[in-house]
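Visitor: I have the sequence and the structure open here. Can you take me through the arrangement, starting with how the helices pack?

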Amino acid sequence: MSDVLQKIEDAKRDALEALAGACDLGVLEKVRIEFLGTRGRLTELARSLGSLPPAERPAAGQAANRAKAEVAGAHKAALGSLPSKKTGPPALDVTLPGRAPGRGHEHVVGRTMDEICQCFAKLGFSIALGPEVETDYYNFEALNFPADHPARDMQDTLFVGDKLLLRTHTSPVQIRTMEKNRPPVWIVAPGKTYRRDDDVTHSPMFCQVEGLAVDKGITMADLKGVLTAFAADFFSPGTKIRLRPSFFPFTEPSAEVDIACVLCGGRGCRLCKETGWLELLGSGMVDPALYGFVGYDPSEVSGFAFGIGVDRAAMLKYGISNIRHLYEGDLRFLRQF
Ligand code: DAH
C-alpha cells in the first residue's frame, strides 16, 4: 500500500475509535474538528493528493472520500445515540442550593415526660420501665386493689385477654422494680397508660410518670420535699404545692397534690375555678401490704410513691385546654413547641 493510502487508513481508524469512546456533544465535536474540520487530518490528506503522481491520484482520491464519508457517517450515528435534550435526564446543576429535608422535633408529650424525669434524675432517682400489656396481678392484685374495685371493671379497663390488660397506670412498675431490687429503691417510671375514657381532659391513651422511693426512715416530709423541689424545677421557682387527703389502694395515707394555679398564682381565676389550686398528681406512703408481695420487711423500710399525669402537666405548663390537641397530630399545633 502506498504511503498516503496507509495514512488515510490510519486517520480513519483513529477517528472511528475516538467516536466510539465519545460520550457527550463536546467530545464528538472535538473529534469532528480533529478529523473532518478545515484543518482536520482527513481534510489535509485529501488536499495533499494534488502533489501525487497523476496515476496514483484517482485511487487515493476515492480512498480519501470513502474514509471521510465513513467517519462523517459514524459521527452522525454517534450524535444520534447521545441522549437528546428532550428525552434525556434533566441536566443536574450541582451549584444550586439543595432542598433542606423537613426536620421534625420531639412531641410536646414526649418532651414533657423527659423534662419530668430530668427533674427527678437531678434528685437521685433512676429510670425504670415496664410493659404496656400487663397482667391483672401487677396492675391490680399486688397493688392491693380489692377484688370488687371498680377499676377492675370492663367499663374502665381495656382487657386483651383473661387476666391480661393494657395497664391503666404506671404503678405496676413499682411492684416489678421492688421484685427485682432490694431497698433502697429510688425510681421514676415514665410510659403510656390506657383507659376506657375519652373527653376534653381524658384520652384513651395517656402518659404517666410513676415515682417510688423505698429506703430506711422515709417519711411523708420526704414526699413533700421531693414534690416541692419538682414543682419549682418543672413549673417555676417558688411554685407552691399542697397535699389533700385522698385514697389509693396502694398508699396509706394517700394525698392528692395540687400546685398553686399557674395562671393566677393562687388568687383565683377561670382555670383554677376560683380555688387558686390545680390538681397535679396522686401520691402517698407505700401501703405496707405491698411489701408482702415483694418480700420487703415493713419494719425495716418505708417509702412514698406518686403518679404524675404527663398530659395534664403539659397542659398546665403550656396552657393547653383540650387534651385532643396532644394526640391529633395537627402540625399547626405541634410546631408551636
Ligand atoms: N396510679 C394512680 C392513677 O393512675 C396514680 C397514683 C396515685 C400513683 C398515688 C401513685 C400514688 O404512685 O402513690 O390514678
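Guide: This is a predicted model, and a good place to begin is α2 and α4, which are roughly antiparallel to each other. The axes of α2 (residues 25–36) and α4 (residues 57–81) cross at roughly 170° and come within 11 Å, and since angles over 145 degrees count as roughly antiparallel, that is the description given to the pair.

Visitor: Which residues in α2 and α4 meet there?

Guide: From α2 the contact has L25, L28, R32 and L36, while α4 brings K68, V71, A72, H75, A78 and L79. By class, the contact of α2 with α4 has 7 nonpolar, 1 polar and 2 charged residues.

Visitor: And α1 against α4, is that parallel or antiparallel?

Guide: The axes of α1 (residues 3–21) and α4 come within 10 Å and cross at roughly 0°, which makes α1 roughly parallel to α4. On the α1 side the residues are V4, L5, I8, K12, A15, L16 and L19, and they meet A59, A60, A63, A64, A67, E70, V71, A74, H75 and A78 of α4. That contact divides into 14 nonpolar, 1 polar and 2 charged residues.

Visitor: Changing topic, how is the chain divided into domains?

Guide: The domain assignment gives domain 1 as 2–80 and domain 2 as 108–334. Taken over C-alpha atoms, the centres of domain 1 and domain 2 are separated by 89 Å.

Visitor: How about A231, is that buried or exposed?

Guide: A231, which has its place in helix α8 (residues 220–234), is buried, with a relative accessible area of 1%. Leaving aside neighbours within four places in sequence, A231 is in contact with S236, T239, I241 and I259. For I259, which is 28 residues from A231 along the chain, the C-alpha atoms of the two residues are separated by 7.5 Å.

Visitor: How many disulfides does the structure hold?

Guide: The structure holds 0 disulfides.

Visitor: Why is C269 not bonded to C261?

Guide: The sulfur of C261 is the closest cysteine sulfur to that of C269, but at 3.7 Å the separation is too far for a bond, because a disulfide requires the sulfur atoms to be within 2.5 Å. C269 counts as buried, at 13% relative accessibility, whereas C23 counts as exposed, at 58%.

Visitor: Now the backbone. Where is the cis peptide bond that leads to P184?

Guide: That peptide bond runs from P183 to P184 and is cis, with omega near 5°, and P184 lies in the loop between α7 (172–180) and β5 (185–194). Another cis peptide bond runs from E252 to P253, with omega near -5°, and P253 lies in strand β8 (residues 251–260). As background, most peptide bonds are trans.

Visitor: What about phi at K163?

Guide: K163 has a positive phi of about 65° although it is not a glycine, and it lies in the loop between β3 (159–161) and β4 (164–166). With a relative accessible area of 51%, K163 is exposed.

Visitor: And K273, where is that one and is it buried or exposed?

Guide: K273 has its place in the loop between β8 and β9 (277–286), and it is exposed, with a relative accessible area of 71%. K273 has a positive phi too, of about 50°, although it is not a glycine.

Terms used
Residues are numbered from 1 along each chain as its sequence is written. This is a predicted model: local features need pLDDT of at least 70, side-chain atom pairs count only at pLDDT 80 or more; totals for chains, interfaces and linings use all residues. Side-chain values use heavy atoms; hydrogens and water are left out. Axes are lines fitted to C-alpha atoms, for helices over the stretch in contact, and angles run from 0 to 180 degrees between N-to-C directions. Helices (H or I, at least four residues) and strands (E, at least two) are DSSP runs, numbered from the N terminus. Angles under 35 degrees count as roughly parallel, over 145 as roughly antiparallel, 65 to 115 as roughly perpendicular and the rest as oblique. Contact means heavy atoms within 4.5 Å. Ala, Val, Leu, Ile, Met, Phe, Trp, Tyr, Cys and Pro count as nonpolar, Asp, Glu, Lys and Arg as charged, and the others, Gly among them, as polar. Buried means under 20% relative accessible area, exposed over 50%, partly exposed in between (1.4 Å probe, protein chains only). Domain bounds come from an automatic or database domain assignment.
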